[in-house]
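Hi everyone, thanks for having me. Please bring up the structure on your screens, and I'll walk you through a few places in it.

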Amino acid sequence: MTHQTNLFNTDPQVAGFKLDYMEVWNWGTFNDKVYRLNPNGNNSLLTGANASGKSTLIDALLTLLVPLKRQRFYNQSSGVERKGNRTEETYFLGNYGQKQEGDSGVSSLKLRDKNARSVLLAMFTNLDGRVVTIFQVRYYSGEGLRTVYGMAYKPLTISHNFAAFDSNGLWRKRMEKEFNSGSTKRIIEFFDGPVSYEQKMLVVFGMRSEKALTLFNQIVGVKVLNDLDSFIRDNMLEEKDAEEKYKELRENFQNLMDAKTSIEKTKEQIRQLEPIDGLADELQLIEKSINELQNEKSIVSYWFALRTVKLCQEHLDRCKSKLRQLDDTIKANNAEMRTLDDKKSDLEVAIKSDTVGQQIKDIEKEIQNLTERFEERKKKEEKYNTLIHKLELPQGVDSSIFEKNKTIAKEQKKVLTERLDNDLAERRRHLQNEKEDIEANIKSNVETIKYLREHNNNISGRVSEIRDEIIGYIGATTDEIPFIGELISVKDKEREWESAIERILHNFALRLIVPEKYYRQVNDYVNNHNLRGRIVYHRYNGVETLRNLEYRSVQDSSLLNKIEFKPDAKYVDWIEDRMHAEFNYTCVNTLEDFNHIKEKAVTKEGLIKSKGGKHEKDDRPEANHREHYVLGWDNREKIASIRKEWEDLCDQLTAKNNELKELDKERRETEKRKEAFSSLLIFEKFDDIDWQSYSIRINEKKEEKKRLESTNDRVKTLQEQLEEVKKSLTDIKVQNDKLIGDKALLNNDSKDTETRCSENSNALALMDFVDVEEFETNNPDLLLVSLDDITTRLQLIQNEISTKINNKQREKYNKESDCRNKMSIFKNPSEEITTKFRDWRSDVNSLPKRV
């Protein structure tokens, strides 16, 4: 260890300062003008007659260099050590003698009164050209003598720098402005008192101990030196204490041992933390992989939606082409049927013109009538049998079973009618209302997202439209007339308080700030227009903030410390004043703390205590969900939240549509069953389905016709031609019916495809643009997937990605669990470690309970 061997630093930057000149004004008998000594850094001899002022000048230098009164003694240099008649006060007043005041005593003779001032100044330089000027200014304030201590790093003089003195201290401000303004380092310094002045002087002059000042005080007035050894030992050397030195060495040794233990502890901590750090790196990689997979999932959704729209459009084009072809074929068939109808009429006229033919024609007409009745009853019986089979009623119908089935049908029709009109109708009405609400919310979310993307804030809806209408009318910008909420945001590290803060500031955030230049125009618009909504605004006239004029108490747990303001925003000072006046709420973590606070407190759960004992908690969905938050100038989180809600609503809409489809299916089945019973009740009597008698009469007429036809070949030929025409007409009609059915299917297919195309187009509108060129290049086989298979392929790919994400999340969970276990071991080490490193627990005590 290096021991101190001298009282002064030998560094050339601070060593070797010598007195260049000293000035005094109004000090002792040096009155009313500036007196100056000029040693110029040389040894100097000061001579003069007794009482000429030698000691006065030496005491002035002593006062400048030894500012603490307890460390200096004026009278020793004058040889009057025991008199003690010299003080700062007598030097200031200029005492020079005494006079007799009658029998009452004596009074001091003074050159000055308490309205004067006194200045002492000395300038020192060293070989490196560094300059230090020290000075003291004295004046009376009331009955007390005050002293101003100062130091400058350039030459000063009393006449030039201290001429303009005032008791208010303005002279100090002028000097500081003159020397320190525009300088990176302070040229002149003022000190609060002699202690700080002395400490600065020790540093600047390179004195290692205040012992140097004591030595200067001792040697200034040396008259007689009896014992040089004692003088050096008492005044020039620092005291050394062997006991203290031993204690110091012992303490240093203990410090070294503690350092060794600390190093070993640090190594052990590093050894235990390295695998935790490795796990942290692995967790970052896993998190990165999860984000990449989620991004891939978004790309897949975007590409498949885009591809589906394209395939739908191509399919619609094909459908339109096929529909045109079907229309052309149907028209051609209709024309052919009209030609055949004409031919049929001609053949029927030719047959009628023959007598036998007329008889045959009459018989055919009777057969036709009988056949129609036969067919009618036969069809009724078939329909009846189909109905009772479908309705699971008794088969093998006779008149008694017919009546029994009729009774059952009446009862069941009544039951099913009541179910359709009451239960199913009410359920459908309820589901339809829910579906319409969801569709309205989806539409609102789509409009909100579009608005937020255009306006880059978190405030939407009618209130934002009103603001847009106002600024459009007066020609202002959103920066000039902002919502208060656009200038306030919850700090990232305070997100756990976001919901509670949003509830408190919601209404305040929806207010506009209107500057003075737009105030009258805004009033004119608001007053003369139906806003179709509500708006609140504040008049801003540029009033200066009161923050520097009043004391503000803001606790660490205050709501004001959990928010931040938009950088460079014009109205932040005004908002801060309002926030401090109205929303200086204390954010408490426990209900116990909440109960003890008189007013203005809030919990994380949103329980708010306001002035006047008012308590409030708003748990409505529109108050708690992020999509309803209004604070902040960055709306990406809100857009993501609303988009997530939109996705959830789309899922809900799909579910409601499925429920409605199932309900409609149930209604149709019930309706069909009811209609079946209604159809069964059409058969009022058993005779309606009795066709056997008509079958006998038809056979009789056919025999009679056959006998007549055998006697007339011409009629037979005409009838054969007629049958061929009828068959052709029937074939064309069957073909037309099939074509019309195909056309109906194509129209339904087109409608379904248009709906599918619209749904995917809407989904694309809510997604951010994605460059899918790389995805298509890496997956060329997807371009071969048809419209029928594309949904299945999308679900397959999404399921594969979801499986990978789930695997990564399980891996992440396991790694986090491993990390928690290792951190638990680190925070709760073995007894061996806590015995060896006793401060281990205090090191880890500040770590969070959960990682």
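Let me start with a bit of vocabulary: two strands pair if DSSP finds at least two bridges between them. One more thing before we look around: this is a predicted model.

With that in hand, go to strand β15, residues 608-609. Two strands run antiparallel here, with 2 bridges joining β15 to β16. One of the contacts to look for involves K609, whose bridge partner in β16 is H615. Now zoom out a little. These strands belong to an open sheet of 4 strands, in the order β13-β14-β15-β16, and the pairing is mixed. Which strands are at the edges? They are β13 (586-588) and β16 (615-616), and each of them pairs on one side only.

Next, please scroll back along the chain to strand β5, residues 117-125. How many of its residues are buried? The count is 9 of 9, so β5 is mostly covered, where buried means under 20% relative accessible area. Here is a handy general idea: in a regular strand the side chains alternate between the two faces of the sheet. Try it on β5. On one side you find R117, V119, L121, M123 and T125, and on the other S118, L120, A122 and F124; both faces are covered, and these residues are all buried.

And who are the neighbours of β5? Strand β1, residues 18-27, runs antiparallel to β5 and is joined to it by 7 bridges. As an example, Y21 has M123 in β5 as its bridge partner. Then there is strand β6, residues 131-141, also antiparallel, with 9 bridges to β5. There, S118 stands opposite R138 in β6. Between β5 and β6 you can follow the chain through a hairpin with 5 residues in between, and G129 in that turn has a positive phi of about 80°.

Let's turn to charges. Side chains of opposite charge can pair when their charged atoms come close. How many salt bridges does the structure hold? It holds 44. I've picked three for you.

My first pick is R427 with E666, where the closest N and O atoms are 3.7 Å apart. This pair links distant parts of the chain: R427 is in helix α10 (residues 399-455) and E666 in helix α17 (residues 636-682), 239 residues apart. R427 is partly exposed, at 37% relative accessibility, and E666 is partly exposed too, at 21%. Both belong to a network of salt bridges that also links R419 and D423.

My second pick is E480 with K517, at 3.2 Å from N to O. Again, distant parts of the chain are linked: E480 is in the loop between α11 (462-474) and β9 (488-490), K517 is in helix α13 (residues 516-528), and they are 37 residues apart. Here E480 counts as partly exposed at 22% relative accessibility, whereas K517 counts as exposed at 59%.

My third pick is R495 with E498, whose closest N and O atoms are 3.0 Å apart. Is E498 buried or exposed? With a relative accessible area of 7%, E498 is buried, while R495 is partly exposed at 28%.

One last stop, on the surface. D771, E773, E774 and E776 gather there in a patch of negative charge. Among them, E774 sits in helix α20, residues 773-778, and counts as exposed at 59% relative accessibility.

That's my tour. Thanks for listening!

Note on methods:
Residues are numbered from 1 along each chain as its sequence is written. This is a predicted model: local features need pLDDT of at least 70, side-chain atom pairs count only at pLDDT 80 or more; totals for chains, interfaces and linings use all residues. Side-chain values use heavy atoms; hydrogens and water are left out. A salt bridge is a side-chain nitrogen of Lys or Arg within 4 Å of a carboxyl oxygen of Asp or Glu. Buried means under 20% relative accessible area, exposed over 50%, partly exposed in between (1.4 Å probe, protein chains only). Patches are made of residues with over 30% relative accessible area and no salt bridge: like charges are joined within 9 Å, nonpolar side chains (Val, Leu, Ile, Met, Phe, Trp, Tyr) within 5 Å. Accessible areas come from the Shrake-Rupley method with a 1.4 Å probe; for residues, only the protein chains shown count as cover. Lys and Arg count as positive and Asp and Glu as negative; His and the chain ends are not counted. The place of a charge is taken as NZ of Lys, CZ of Arg, CG of Asp or CD of Glu.
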